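Biologist: Please take a close look at one residue for me. Then work outwards, step by step, to the parts that surround the rest of the chain. Keep the sentences short.

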Amino acid sequence: MLPYPSGKLHMGHVRNYAIGDALARYMWMRGYNVLHPMGWDAFGLPAENAALKAGRDPGEWTYANIGHMKAQMQRLGFGIDWSREVATCEPEYYRWNQWFFLKMFERGLAYRKEALLNWCPECGTVLANEQVVNGCCWRHETTPVEQRAMQQWFLRITQYAGELLDALNDLEKGWPERVISMQRNWIGRSEGAEVDFQIDGEQDNIRIFTTRIDTIYGATCLILAPGHPLTEKLVTGESERLKIKEMVDSTARQDPGNLEKVGLFTGRYAVRPFDGAKIPIWIGNFVLMGYGTGAIMAVPAHDERDFEFCRSYGIPVVPVIRPVDVPLADGPSMTEAFTDYGIVENSGEWSGLPSEEARKQMAAFAKASGFGDEAITYRIKDWGISRQRYWGTPIPIIYCQRCGIVPVPESELPVELPLGVKITGKGRSPLEADESFMQVSCPKCGGAAKRESDTMDTFIDSSWYFYRYCDPHNHRAPFDSKIIAAWFPIDQYIGGITHAILHLIYSRFWTKMMRDLGLITNAEPAKNLFTQGMVLMGGSAMSKSKGNVVDPDEMVERYGADTCRLYTLFAAPPDKDMDWNESSVEGQYRFLARVYRFVTRNANRVENGSSSADRQALRKLHQTIRKITNDFDNRWHFNTSIASVMELVNELYALEGEISAGTSREICGAVTLMLAPFAPYTAQDLWELLSNAGPVFRQNWPAFDAELAKEEMAEIPVQVNGKLRGHIYAAFGSPKEKLERLALENEKAKSFIQNKQVARIIVVPDKLVNIVVK
């Protein structure tokens, strides 16, 4: 995943890119054509904050950071094809963001509607969620943030919700189970029914979505989201409207997981459609416009959230579902909701039915009667892409009083960000103050018009950047479809688990949208996803505020780039968090020095002949090649790969005076090649020291000989009553009687069988001896 150019690489970056670089170099050595590119997720709020705090131009700040971080990557020796580098803040890149937007606008996937935004009344500006701290503006710690309704642009990602969910089944082989689960929960498919409740005395209906239509006779009120379209009609008093506004503002300042449920009775009633009963209509802060219909029927006897709300406001609790073979509960005396399926009671002609059957029959009745139908809804919302920011992709829309909303003609793309815009942190958007940018002629009628002042969410930039890598200098299209067909889907995508929801869902949506435009044939961006662990210090994530950041530049200066890379791969399996330990960094430095000394001493030995130690050394060599090859091909346990090279080097030191010159040179060459994916600088030095030419990572990966890798002696665990107590060594294929004798003579096992009766001995040839004693 491409980084945000925040200023400097951190050790998390080093680990992430060292994993990918090791894989790229290994695949090169296995003969693959490898595309290993890099780019910069260069738009975003931090650049504007830097402009606000330090008076720096966002572009100048961003490009300076890119220059520094690129130099760091090059110093670390990452094998990146820099000819394919992209920066999302370049007009040649974001023009295609605008082009995609226009294509979606043509197809009804991009639309505009009113939505609530964070607003600081003191700054007089919109705030991003990251700028709201404890419910207040980040610059004014005592100024509560309000919610204001403004026109916003959305992408209709919900149109793809079903496909995004179903296609996760095809990703299960190559994506982490945790990411699949998180996406399933985020998309959140719910099957149920939509039902209309007529407002008493009005023609208007309130439509609700429920997964439990079998409980509808227990609905004792309706609850609307504060932003529901009918709220203004139902609540006309000024004081009540102010209470609703405060409800909205207060809710936005609270943690959704610990939200205090607040309600307001509208004074109006709705008619329950199955039996005509009138139930009160409430406004509740916990009901969301983005889920279902923005209104719910509250069934306190059978929903925990409804039970808590209705009890606090004295709304009746009426049970209509009972467990099988258990009488129906008494509503006033219930202490918690009964949420399971059961037998339906007090529900007209459906009384006595099991819940599952009642759901089907009642949904069918609602449809036949014209007040409802079966429905599927999703938790995922349409993607709001409007940002009241300067440093982002301008939305290519023009507003004309005569023609309305007019898309910018494709021939006029890109709509470029103006330079020198003053960032004040006040007003709706910095671009609004730039008259030369805002004032424009309408493309339809030629009359005076205004540009859209909002810019796009930066997740748009990162939703398709990897396609641009394949054809980064194309001026006629975002990319050539034939080139994409040769490379996509991505064979291996690597990034943090923090991107499991937004980036990875948005990029999947973008791929399906591009497929439907006929640009590509693949339906998913990546076949395989790997989420690396975090780099910690003292058990917590590194951060400047905690003062526990390790600077990669300092590490490279002290120990060299290879040591820095090697440590991030050795300290823990790459999918696990790793705790920084500088003494272990020094251990990697010493290890590389040992390899260098061994190769230096043995590179130019010329004596002939062979020795008895050759076979032992070659056996260990081929076992090591086999292990690292399997690690790369199957599980990516680079920590044990590096440990196996260390074990090999230890054995080589022990045998150094006995190994023949020819075998030493063979082993030195193979060790160098095995180090190449992990420590490229050292490997290249050693490769040339061995009188070889060309880049070491373009050489063939060493092959292991299965016969040479075979152990002559088997290491066999000895158990006593199923617990490991020692090991014995015997030639492969040794008879059972010999293994029994060796096990009984084993010094470590003896203390556990002394003064006890051996009942039997279980032998698994070459694998295990288990002594059963009484």
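Modeller: Leave aside the neighbours within four places in sequence, and P46 is in contact with Y4 and W61. This is a predicted model, so take every value as computed from it. P46 is found in helix α2, which covers residues 45-54. Is P46 buried, exposed or partly exposed? Its relative accessibility is 37%. Buried means under 20% and exposed means over 50%, with partly exposed in between. P46 therefore counts as partly exposed. Now look along the chain to A448, which is 402 residues from P46. The C-alpha atoms of P46 and A448 are separated by 34 Å.

Set H503 beside P46. H503 is found in helix α15, residues 502-516. Its relative accessible area is 5%, so H503 is buried. Which residues does H503 touch, not counting those up to four places away in sequence? They are M1, F459, S462, Y465, F466 and Y493.

Next, two helices. Helix α18 runs over residues 582-602, 21 residues in total. From its first C-alpha to its last, α18 reaches 31 Å. At 1.5 Å a residue, 30 Å is expected, so the two values are close. Which residues of α18 are buried? The list is V585, Q588, F591, L592, V595, F598, V599 and N602. Why do they lie on the same side of α18? They cover an arc of only 145 degrees around the axis, and that puts them there. The buried residues of α18 pack against five helices: α16 (552-559), α17 (561-570), α20 (638-655), α21 (661-675) and α22 (680-689).

Follow that packing into α20. Helix α20 has 18 residues, which should span 26 Å at 1.5 Å a residue. Its end C-alpha atoms are 26 Å apart, so the span agrees. The buried residues of α20 include F638, N639, S641, I642 and S644. V645, M646, L648, V649, L652 and L655 are buried in α20 as well. Their cover includes α1 (11-29) and α19 (612-635). It also includes α17, α18 and α21. Notice α17 and α21: the buried residues of α18 pack against these helices too.

Now the strands. Strands of a sheet pair through backbone hydrogen bonds, either parallel or antiparallel. One open sheet here has 4 strands, in the order β4-β3-β7-β17, with antiparallel pairing. The edge strands are β4 (125-127) and β17 (383-384), each of which pairs on one side only. Helix α9, residues 238-253, packs on this sheet. It touches β3 (110-120) and β7, and its direction makes about 70 degrees with that of β7. Strand β7 covers residues 146-155 and pairs with β17 in the antiparallel sense over 2 bridges. To find this pairing, start at F154, whose bridge partner in β17 is G384.

Strand β8, residues 189-199, is a good one to trace. Which strands does β8 pair with? One is β16, residues 372-378, joined to β8 by 7 bridges and running antiparallel. There, the bridge partner of A193 is E374. Another is β9, residues 205-210, joined to β8 by 6 bridges and also antiparallel. D196 stands opposite R207 in β9. β8 and β9 form a hairpin with 5 residues between them. In that turn, G201 has a positive phi of about 85 degrees. β8 also pairs with β11, residues 263-271, in the antiparallel sense over 2 bridges. Look for I199 opposite A270 in β11.

A second hairpin joins β19 to β20 through 3 residues. β19 holds residues 397-400 and β20 holds residues 404-407. They pair in the antiparallel sense over 4 bridges. Y399 stands opposite I405 in β20.

Finally, step back. The protein has 25 helices and 32 strands. Of its 774 residues, 52% count as buried. H503 is one of the buried residues, whereas P46 is partly exposed. Take the contacts with a separation of 6 or more: 70% of them come from residues 24 or more positions apart. The C-alpha atoms fill a box of roughly 105 × 80 × 50 Å, taken along the principal axes. The accessible surface comes to about 35100 Å², and 49% of it belongs to carbon and sulfur atoms.

Methods
Residues are numbered from 1 along each chain as its sequence is written. This is a predicted model: local features need pLDDT of at least 70, side-chain atom pairs count only at pLDDT 80 or more; totals for chains, interfaces and linings use all residues. Side-chain values use heavy atoms; hydrogens and water are left out. Two strands pair if DSSP finds at least two bridges between them. Contact means heavy atoms within 4.5 Å. Axes are lines fitted to C-alpha atoms, for helices over the stretch in contact, and angles run from 0 to 180 degrees between N-to-C directions. Buried means under 20% relative accessible area, exposed over 50%, partly exposed in between (1.4 Å probe, protein chains only). The arc is that of the directions from the helix axis to the C-beta atoms. Accessible areas come from the Shrake-Rupley method with a 1.4 Å probe; for residues, only the protein chains shown count as cover.
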